[in-house]
Amino acid sequence: MERMVIGGRQRVSGELHVQGSKNLALPVLCACLLIPEPVVLTHCPLLSDVEETLAMLQTLGVFVKREGHTVFCDAKDAAPAKLSKEVTQGNRMSILLLGAMLSRFGCGEISYPGGCRIGKRPLDLHEQVFSRFGAELIALNDEMWACRKRRSAARISLPYPSVGATQNAILCACLSEGVSEISGAAKEPEVAGLCRFLIGAGAKIRGVGTSKLLIEGVKGLRGTRFAIEGDRIVAGTYLTAAAMSGGECLLHGVSPNRLGSYLEFLRRLGCEVSAKDESIRLRAPERLTSGLSVKTEPYPGFPTDLQPMAVGALCVARGDANVEETIFEERFAAAREMQKFGARLCIAPPNVSIHGVEKHFGARVQGRDLRGSAALLLMALCAQGESILEGVEYLNRGYEDIVRDMALLGCADIRKEEKKWGSYE
Ligand code: UD1
């Protein structure tokens, strides 16, 4: 168990290259199961979620090797195997690997995926996708078994643009016989990125980045090399840190359009944001101005993964605001914890109303999920006095080394401590 001790009143000032995207690396790794040839992934982030996904691939007989940020995979000798709870509980990728197994082997068996507790996270849309591709499903005691008797293409209309269900439909369609049509598809950059990876391996996909994908099945996919793009949520986190602390930063390696409407949100708070090619610069005013009402939406709308950070920014801004969470209804664990810093919030899911307060004070807080823990770290940087953040292990799921990155951005007064039982109160 680790905790972080964070000095208060730290102002962000600096520049860095943003790590590779977790949410793109994970589905791309799952898609490697479809390719019986060597694949090279560069700029692959060093994260516990990635390591756990590599372990699941190994269980399925995939050769994997990592050298720094480069990952080599070869699924030539892959074979069906059950993904048991020990390997599936860390993240949500077992459900995508079930789609990949159905595509490559025609059958698969998994324990239900773990991941952050940010709402109900049902799997009904994934099940609909598998059924449309001809799979028979048995779900019992948190385990799911699926078997596909035919390999024919499917027409699917998703009632909600789920990122994961769209990615599963893509995985199933690539090696099916005929042309599959997926309408109501999610348009997130991580869906488009998965398509680009598969196209590089020989898949035939049209409509990339739109809500209607047409996928002509091919007989087999070939080895390829692919660079994982910069992580838009990590970029959004650091931009928000600069905004909240009255600082400035320059981030490289992320296309500004990947942040959807989030850059506009930061501008409305009073920040100067300029973007060029793959770089984003932000300069914040001494104090942000609020008076906003925002709601999370599928891409290109306001991203739910940045909602906890946005709530943090509105806590320190001048004025009143309202944030509506339309995607994960229980994603307010961090907002509740922010009250310990002195934040004035009224949480009534799916809404949180916020009265901005100028001064916050160091506190001992508990992170309960990945993005929420990052938001609490940002609050701690702005507060007066030292804070203690517990639940640091969540951060390792999505941030390669947030202490290193914050030091590069001028906030060096953060240290990690190992929690030994009885060693501190
Ligand atoms: C992905 C991202 C996650 C992000 C989310 C929304 C990864 C690894 N994770 O998660 O960081 O927060 O997109 O942008 O890429 N739903 C159902 N039934 C289903 C599937 C989903 O009702 O079968 C609902 C969910 O409960 C949620 C909404 O659809 O309310 C969005 O979920 P989805 O887009 O599937 O998110 P994930 O792919 O799990």
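## A quick tour: one loop, one ligand, a few odd backbone spots

Let's start with a loop: the one linking β18 (293-295) to α10 (307-316) is where you'll find Pro300. A cis peptide bond, with omega at about 10 degrees, ties Pro300 to Tyr299. Keep in mind that this is a predicted model. Besides that loop, the thing to look at is the ligand, which sits in the largest pocket.

**Where the ligand sits**

- There are 18 residues around the ligand, and the ones that come nearest are Asp124, Leu125, Ser162, Asp305 and Ile327.
- Two domains chip in: domain 1 (2-17 + 288-418) and domain 2 (22-227) each give at least three residues to the shell around the ligand.
- Two helices to look for are α5 (124-132) and α6 (163-174), each of which brings at least two residues to that shell.
- Of the shell's contributors, α5 gives the most, with three residues.
- As for chemistry, the shell is a mix of eight nonpolar, five polar and five charged residues.

**Who touches the ligand's oxygen atoms**

- Asp305 uses its side chain here: one of its N or O atoms is 2.5 Å from an oxygen atom of the ligand.
- Ile327 works through its backbone instead, with an N or O atom 2.5 Å from a ligand oxygen.
- Val163 also offers a backbone N or O atom, this one 2.7 Å from an oxygen atom of the ligand.
- On its own the ligand would expose 740 Å², and the protein buries 83% of that.

**Backbone spots worth a look**

- As a bit of background, most peptide bonds are trans, and most residues other than glycine have a negative phi.
- Besides the Tyr299–Pro300 bond, which is cis, the peptide bond from Pro349 to Pro350 is cis too, with omega near 10 degrees.
- To find Pro350, go to the loop between β20 (344-348) and β21 (351-355).
- Arg9 isn't a glycine, yet its phi is positive, near 55 degrees.
- You can spot Arg9 in the loop that runs between β1 (2-6) and β2 (13-17).

Definitions and conventions: Residues numbered from 1 in each chain as written. Predicted model: local features only at pLDDT ≥ 70, side-chain atom pairs only at ≥ 80, totals over all residues. Heavy atoms only, no water. Near = heavy atom within 4 Å. Polar contact = N/O pair within 3.5 Å; in protein donor to acceptor, adjacent residues only side chain to side chain. Areas by Shrake-Rupley, 256 points an atom, 1.4 Å probe, with all protein chains shown as cover. 1 Å grid on protein atoms, 1.4 Å probe; cavity = no way out; pocket = protein on both sides within 12 Å on 5 of 7 lines; lining within 4 Å. Sits in = over half its atoms within 2 Å of the grid points. Helix = DSSP H or I, 4+ residues; strand = E, 2+ residues; numbered from the N terminus. Nonpolar A, V, L, I, M, F, W, Y, C, P; charged D, E, K, R; others polar. Domains from an automatic or database assignment.
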